[in-house]
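Biologist: I'm new to this one. Could you walk me through how to read it?

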Amino acid sequence: MTNLSPDLIGAAAGLPTPTGQPAHYWHTTGDGRVQCDLCPRECRLREGQRGFCFVRARAGDELVLTTYGRSSGFCIDPIEKKPLSHFLPGTSVLSFGTAGCNLGCKFCQNHEISTSRQMDSLAAEASPDAIAVAAQEWGCRSVALTYNDPVIFAEYGMDVADACRARGIASVAVTAGYVQGEARTDFFSHMDAANVDLKGFSDSFYRQLTGARLQPVLDTLTHLVHETDVWVELTTLLIPGSNDSDEELTAMCEWVVRELGPDVPHHFSAFHPDHRMPDVPATPLSTLTRARDIAHAAGERYVYTGNVVNRDGEATRCPGCGATVVERDRYRLLDHRIVVDADGVGHCPESATVIAGRFEPEPGDFGPRRIPIAIRPV
Ligand code: SF4
């Protein structure tokens with residue numbers, strides 16, 4: 001859909017010839033260019049050029065992934081930080097990312113990584129097995145592909161997920177969901193959970209502030225919910241004056257309930273002035289609670305506020321009787337009352353109503369820690 005001008009990123013920019021692991025999801029066009037089919041940008045590359053994401057590049061007559069096996073760093077976090085509130089609550093997750101991104105969000109809250117050129121940010125080398133072994137040694141129940149969008153390093157991410165699955169460790173994708181076709185099906189078949197950004201609900205918002213399109217994201221969400229077993233939660237970063245009107249939020253939440261169902265948790269998080277939007281004020285708590293009210297009114301059952309201190313907006317309530325079944329304080333579980341039956345289904349202890357999610361009989365107790373780690377070769 002959005003292609004690069006031939007000299008935007010490539011040999012003409014004075015960059016070295018790309019090298020990397022052979023990539024999937026591409027074909028040669030009639031005019032001799034190599035087209036990446038992974039995301040809807042469908043970059044068409046001549047020799048030596050890199051895609052918009054910077055990390056997928058043409059080398060000879062092939063597409064390569066230049067960041068395979070290299071990371072911008074590793075950190076152990078609470079799973080609630082991804083954010084995932086209904087997936088193995090209280091457990092720790094080994095987070096890692098690479099560099100680059102296939103979106104160009106003006107409000108990016110992680111732009112040091114997403115806009116970096118990988119030569120100066122990918123200090124850590126780590127094989128898929130080494131990541132899985134580290135997750136096991138640290139007692140993590142899952143690994144998160146996060147910090148930058150993992151679809152652009154899909155081949156590496158899928159190999160990491162396979163190594164983790166072989167050791168009983170789950171994989172989580174934190175993504176904008178801007179991926180298409182065979183790559184979308186393949187990538188998510190390796191994942192156990194995903195937090196997908198639904199950044200707004202108008203194509204003009206996506207075009208103007210992310211450089212992407214809305215419909216492919218909606219297609220990813222319906223694919224995930226209806227055609228996979230991946231546990232899905234949504235995040236919407238509310239930016240004052242851009243995507244926070246009653247009309248847009250109502251349309252978004254009504255679409256979520258109609259197309260995805262009422263049980264997909266939805267996190268509304270606060271924007272902080274950053275990147276190319278330094279003059280937009282931080283999102284007030286009142287906007288987050290208004291969005292939460294709109295989502296509840298539309299029929300969403302599990303709605304959260306994030307990036308602010310708001311115990312009320314962090315709690316999980318039973319959709320049947322309204323009892324608080326999980327209480328949190330900034331990534332710390334204060335109370336966890338979900339009763340998990342023999343089939344692994346969570347229930348409210350008061351009304352026995354099903355609480356949607358992936359739960360274990362005992363929640364984790366990792367707490368709000370953040371532990372940077374190094375990965376050693378295996
Ligand atoms: S993944 Fe990267 S190279 Fe491929 S189409 Fe998207 S932006 Fe272009």
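Modeller: Sure, starting with residue classes: Ala, Val, Leu, Ile, Met, Phe, Trp, Tyr, Cys and Pro count as nonpolar, Asp, Glu, Lys and Arg as charged, and the others, Gly among them, as polar. The model is predicted, so local features need pLDDT of at least 70 and side-chain atom pairs 80 or more, while totals for chains, interfaces and linings use all residues. Residues are numbered from 1 along each chain as its sequence is written, and side-chain values use heavy atoms, without hydrogens and water.

Biologist: How many nonpolar, polar and charged residues are in the shell around the ligand?

Modeller: That shell has six nonpolar, two polar and three charged residues. Among the residues around the ligand (a heavy atom within 4 Å) are Cys 36, Cys 39, Arg 41, Glu 42 and Asn 102.

Biologist: How do I read a pair of aromatic rings?

Modeller: You describe it by the distance of the centres and the angle of the planes. Rings of Phe, Tyr and Trp (its six-membered ring) pair with centres within 6.5 Å; planes under 30 degrees apart are stacked, over 60 edge-to-face, the rest tilted. This structure holds nine aromatic pairs. One of them, Phe 205 with Tyr 206, is edge-to-face, at 6.1 Å centre to centre and 80 degrees between the planes.

Biologist: Are Phe 205 and Tyr 206 buried or exposed?

Modeller: Buried means under 20% relative accessible area, exposed over 50%, partly exposed in between (1.4 Å probe, protein chains only). Both Phe 205 and Tyr 206 are buried. Elsewhere, ring pairs link Tyr 68, Phe 74, Phe 96, Phe 153 and Tyr 156 into a cluster.
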